[in-house]
Amino acid sequence: MASNDTLVNGSRPSDKKLNEDLAQLSKNVDENLKLYSLGSYSAAYEAMYKKTLRNGIKVLTGTVSNTKTQAWEDATAYAREVIMAPKDSVERASSPWTRSCSKLHKELLKRFGPRTIEAAELGTASVIANHYDGDRLAISHIDKKASYLRHRNDAKVGTGFYPQSSPLAAICYQTAALPCSIAMSWFLSVEEAVQAAYVSHLSVCDDLGGFTAEDYDVRMRMVAIAAGVAYKYGGRVLNVFVDGTAKQAVGNVTRELRPVEAAMAWRAIGGCSTIYSKYNFDEECSLDVGLVAPIVMMAAHDLLDWRCDVAAGNHENAVSAVYGFGIQEPFHVFLETMLKEALVHPRSGIYGIAAVMSMHYIVGRYGAWEYRGQHDAACEECVSLLRKGTKEAGLQWAPKPPPRSYAEGDEMREGGRLWADHFIDRSLVQESIGWFQYLISTGEIWLFDVLSKGTQAVDADADWA
């Protein structure tokens, strides 16, 4: 592997050094996979992985191109910058590269503005002040860093996401590549979805620069394979590839502001969930259908992550924004709105929810299995909406308790590894949506509501918000 001597003490590699390191990475593709892979893999995976990575390296060094457009130039420039100096900032969001952002991204920007972010800040502060006497750590929550560290040594990640010790490699797999591929499997084969999902690495690497800046080797490899996907598909994938540069973008509402819609749009931008859409891969997919997965996936994530975010004092959560807009039952209202949005195109929406559920219940970083306690009864309207969506998505109504411990998620983690490295599907979507059906039909979903006081305490500190 390349030497890990960059971005130490604030320095950054030169373009010349990056090209040299990429050239060395290209020479070592075969050897690295053989020496450092984290498990078994199929011949089909090996061929796909090596080809995609090598093509991505060629893209980043400027030796191949499939178009001479502005989008191509912006995509490759942004990718190189992420390797050399990752950061998630307002400055990044105002870079010239944003001109090449996707139509999905540009449509979402029309739905929210500064008021939405102000509402989220107000909502977060109000929850802490009015419900927890100003003590955010009194909220029952997961400390993401602590939870990750508790389980990192027995995490099952994809074979190409080495080394085991790298948080960046693990997070690229656990919170991007795997769930992204599950979400896209309604319109792509498993092998195609696994490959296409690598495009999500770019925004993750930029987003996590604050605590993974020195993980240069891993970031170079993660970005290179993402660039290989952009090279394969071109077109709209180039545009969504650039969306990661504008996660801190602030929109300008072009119609009457709708609080819940605005909150969802803001977070779809911030989470760069535009990547997970069929719109990027199919010219015949309409913009309305293409927006369903990005909106619903980030909404599901924010529902399950609300406790962690508020406990960390992090305002970047759509449910906090809804509360800040003055809606008194923000979690419930937001949940129903998400389920209705999923019904716009059920396969997009329900597959997206399933992907997020699997992530929160099998990934050490999120630890959703830790939440226990007393909760209210189920909402029959929510149950009805989810039943309808499940049926229209071609899946079964089969509620099943989600894992109650990290160990209980091991079967699903193994299923994810077989999916990612062997292209074998052990009904991951049905299993995961069954967990969500259980949360909704039993009322256990309310354990994630910050305003509900029945959830038992888990961690005492908060990090990696």
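This short presentation describes the fold, the core, the internal spaces and two buried residues of one protein chain.

Good morning. The structure shown above is a predicted model. I shall begin with the chain as a whole.

The secondary structure consists of 22 helices and zero strands. The radius of gyration of the chain is 21 Å, close to the 23 Å that the globule rule gives for 465 residues, so the chain is as compact as a globular protein of that length. Its C-alpha trace spans about 60 × 45 × 45 Å along the principal axes. Of the 465 residues, 61% are buried. If we take the contacts with a separation of 6 or more, 81% of them join residues 24 or more positions apart.

Let us turn to the core. The largest nonpolar core has 165 residues. Which of its residues touch the most other members? They are Y198, L335, M338, F436, I445 and F448. L335 may serve as an example. Setting aside neighbours within four places in sequence, L335 is in contact with L303, C382, F436, I440, I445 and W446. Two of these partners, F436 and I445, are themselves on the list of residues that touch the most other members of the core.

I now come to the empty spaces. Rolling a probe the size of a water molecule over the atoms shows where such space is left.

The largest pocket has a volume of about 850 Å³. Its lining is made up of 35 residues, and those closest to the centre are D207, G270, M298, H301 and R365. Which helix gives the most to this lining? It is α16, with five residues. Helix α16 covers residues 287–311. At least two residues each also come from α9 (167–184), α11 (201–207), α12 (209–212), α15 (259–270) and α19 (346–362). By class, the lining of this pocket divides into 16 nonpolar, 10 polar and nine charged residues.

There are also enclosed spaces. How many cavities of 30 Å³ or more does the count give? The count comes to six. The largest cavity has a volume of about 60 Å³. Two elements, α9 and α21 (410–422), give two or more residues to its lining. The largest share, four residues, is from α9. Helix α9 therefore deserves a second look on the screen, as it also supplies at least two residues to the lining of the largest pocket.The residues that line the largest cavity include Y45, F161, Y173, Y198 and D421. Y198 is also among the core residues that touch the most other members. The cavity lining has eight nonpolar, two polar and one charged residues.

Finally, I should like to present two single residues.

The first topic is F241, found in helix α14, residues 235–242. Is F241 buried or exposed? With a relative accessible area of 4%, F241 falls under the 20% limit and is buried. Beyond its neighbours within four places in sequence, F241 is in contact with A75, Y78, A79, V199, L202, A226, A227 and A230. The C-alpha atoms of F241 and D288 are separated by 20 Å, and these two residues lie 47 residues apart along the chain.

The other topic is R92, in helix α5, residues 90–93. R92 is buried as well, with a relative accessible area of 5%. Not counting residues up to four places away in sequence, R92 touches Y78, E81, V82, A85, P86, K87, W97, T98, D206 and T245. Y78 is thus a partner of both F241 and R92.

Thank you for your attention.

Notes. Residues are numbered from 1 along each chain as its sequence is written. This is a predicted model: local features need pLDDT of at least 70, side-chain atom pairs count only at pLDDT 80 or more; totals for chains, interfaces and linings use all residues. Side-chain values use heavy atoms; hydrogens and water are left out. A nonpolar core is a set of buried Ala, Val, Leu, Ile, Met, Phe, Trp, Tyr and Cys residues joined through side-chain atoms within 4.5 Å. Buried means under 20% relative accessible area, exposed over 50%, partly exposed in between (1.4 Å probe, protein chains only). Contact means heavy atoms within 4.5 Å. On a 1 Å grid over the protein atoms alone, a cavity is a set of points where a 1.4 Å probe fits but cannot get out, and a pocket is an open set with protein on both sides within 12 Å along at least five of seven lines; lining residues have an atom within 4 Å of a point. Grid points are joined across faces, edges and corners, and a volume is the space filled by probe spheres set on the points. Ala, Val, Leu, Ile, Met, Phe, Trp, Tyr, Cys and Pro count as nonpolar, Asp, Glu, Lys and Arg as charged, and the others, Gly among them, as polar. The radius of gyration is taken over C-alpha atoms; the globule rule is 2.2 Å times the number of residues to the power 0.38.
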